[in-house]
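Open the model in your viewer and switch to a cartoon view. We will take one stop at a time. Keep the selection tool ready.

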Amino acid sequence: MAQGSGRDVGRRAVLHGGAAASAALALPTLSGAAPAQALAGRPKARWGVQAGDVTSSSGLVWVRSDRPARMIVETSATESFRKVRRSLGPVVGPGTDFTGTTALHGLPPGEQVHYRVVLADPDDPRRTGEPVYGTFRTAPVRRSDGVRFLWSGDLAGQGWGINPDRGGYPIFEEMRRRNPDFFLCSGDNVYADGPIAPSVTLPDGRIWRNVTTEEKSKVAESLAEFRGNFRYNLLDEQLRRFNAQVPGIVQWDDHEVLNNWYPGEILEDPRYSEKRVDVLAARAWRAFSEYYPVSTLRPNGDGRVHRVVRHGPLLDVFVLDMRTYRNANSPGRQPEEKQGILGAGQLAWLKRELSRSRATWKVIASDMPLGLVVADGTTDFEAVAQADPGAPLGRELQIAELLRHIKHQRITGTVWLTADVHYTSAQHYDPSRAAFQDFAPFWEFVSGPLNAGGFPAVKLDGTFGPEQSFVKAPTRANVSPLEGGQYYGEVDIDGPSGELTVRLREEGGAVLFTKVLQPGRVGQ
């Protein structure tokens, strides 16, 4: 952890409630509509603010207006905003569901940045709404400054939505108080295929109550319905407060579209009138890019989720996309496979960027686990592993090529983080236990869900020699968050020593498992 005075000031602001802590906490209206002709007064930003993909000198700020408006972002070194720097953002309108993102450049490294977003009438710039406040800390440039971040995934799944009896999504308030430098969401930010009912009866007779919206009453098919899924989570005050204080690094997985999807799939699910998954995925992609500040999804970006976010000399985060370029789910026994789960282009990109990285630690943010057997039906498989502990086949061939590259290029400090399976675990992969042995040992850590059903642990596939050092999972499927089983992970990189400490945490604050890794090693 960094010990500089700038971080201490930021910590006090976060924990004791300065301007950022009160950002945009009035409950938005449940309707997503924003017809300008029906609205009086000034533009409002009731959905809060978000920052994303923050580096040592830059970051992105997001907002949603209730009508067409010009987005303006003002930044300052202090909460008083005595001295501000103004960045003119886009005019937001119906083409982006009234969302907008503004890029900030030339920020000071390793400092707390306070910002406020002002929405102005595009026809009369003097008519502005109330500012909405946020804060984030830029990445350090000194190796002696430490880094802390959290990761998890899986929000509002299996019918467990915003429960007012729990105060919404309480895990976000707990994570906010950990004061991380950023939050890595490992996918399943929404469950577009999971309708939210007003109430659910638990096995013990208790009633789970949900906040509901029209867009969450059925599976998402139209662009408006996908947008409504992303708006749904922002109804939660805890999440809006978290977003205002913790910048994000976001990736997607399957439930942003639908369960276990792959390109070219044709649905048989009777809930869907649109059977072409490619059509649904394009609509979901557009909504995803509108509702998160992602550097590569901006108008001048290259339209992809996979990217490297550089967080100072200690850390590079390699964000993967195991969904968009994958082959069809299958039994996974192909002796040759070029497309795999990443696609040939993304694999080449990842090998190249890992080789170029000079960061002490290279976190590979994977939206699916490597050695956990995730089935899709009775014969097919959804992730990499396919329950055959022998030599690599199918999607495993691509991962074997990547692991071989890491070893032979002597790339140090790789750690894999993921979510997806709705429990928490730690796996160590070692060639001495593996069928494929041309790789260096490494760790994979699993966390989640944030607010979704818990599920039993799945089996391990022995191809890459995993050994499970820790696992905590329920014994039955779709366990309610009222029964526990909501998890997040925490990573601390110590500046002076370079040590990386992973803690697997459970909602409520308990540390379930801790592992300390040493820097400068090809294998751990």
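**A strand and its neighbours**

Select strand 21: Phe442, Glu444 and Val446 point one way, Trp443 and Phe445 point the other way, and all of them are buried. Keep in mind that this is a predicted model.

Now look at the strand as a whole. It covers residues 442-446, and 5 of its 5 residues are buried. Strand 21 is therefore mostly covered, as buried here means under 20% relative accessible area.

Next, look for partners. Strands of a sheet pair through backbone hydrogen bonds, either parallel or antiparallel.

**First partner: strand 19**

Select residues 414-418. This is strand 19, and it runs parallel to strand 21, joined by 3 bridges. Click on Thr418. Which residue is its bridge partner in strand 21? The partner of Thr418 is Val446.

**Second partner: strand 20**

Select residues 424-429, which form strand 20. Strand 20 pairs with strand 21 in the antiparallel sense, over 5 bridges. Pick two residues here. His428 has Trp443 of strand 21 as its bridge partner. Ser425 stands opposite Val446 in strand 21.

**Zoom out: the sheet**

Now show the whole sheet. How many strands does this open sheet have? There are 7, in the order 14-15-16-19-21-20-22, and the pairing is mixed. Go to the edges: strand 14 (307-310) and strand 22 (466-472) each pair on one side only. Rotate the view to see the turn between neighbours. Neighbouring strands of this sheet are turned by 20° against each other on average, direction ignored.

Finish back at strand 21. In the strand order, strand 21 sits between strands 19 and 20.

Technical notes: Residues are numbered from 1 along each chain as its sequence is written. This is a predicted model: local features need pLDDT of at least 70, side-chain atom pairs count only at pLDDT 80 or more; totals for chains, interfaces and linings use all residues. Side-chain values use heavy atoms; hydrogens and water are left out. Buried means under 20% relative accessible area, exposed over 50%, partly exposed in between (1.4 Å probe, protein chains only). Helices (H or I, at least four residues) and strands (E, at least two) are DSSP runs, numbered from the N terminus. Two strands pair if DSSP finds at least two bridges between them. Axes are lines fitted to C-alpha atoms, for helices over the stretch in contact, and angles run from 0 to 180 degrees between N-to-C directions.
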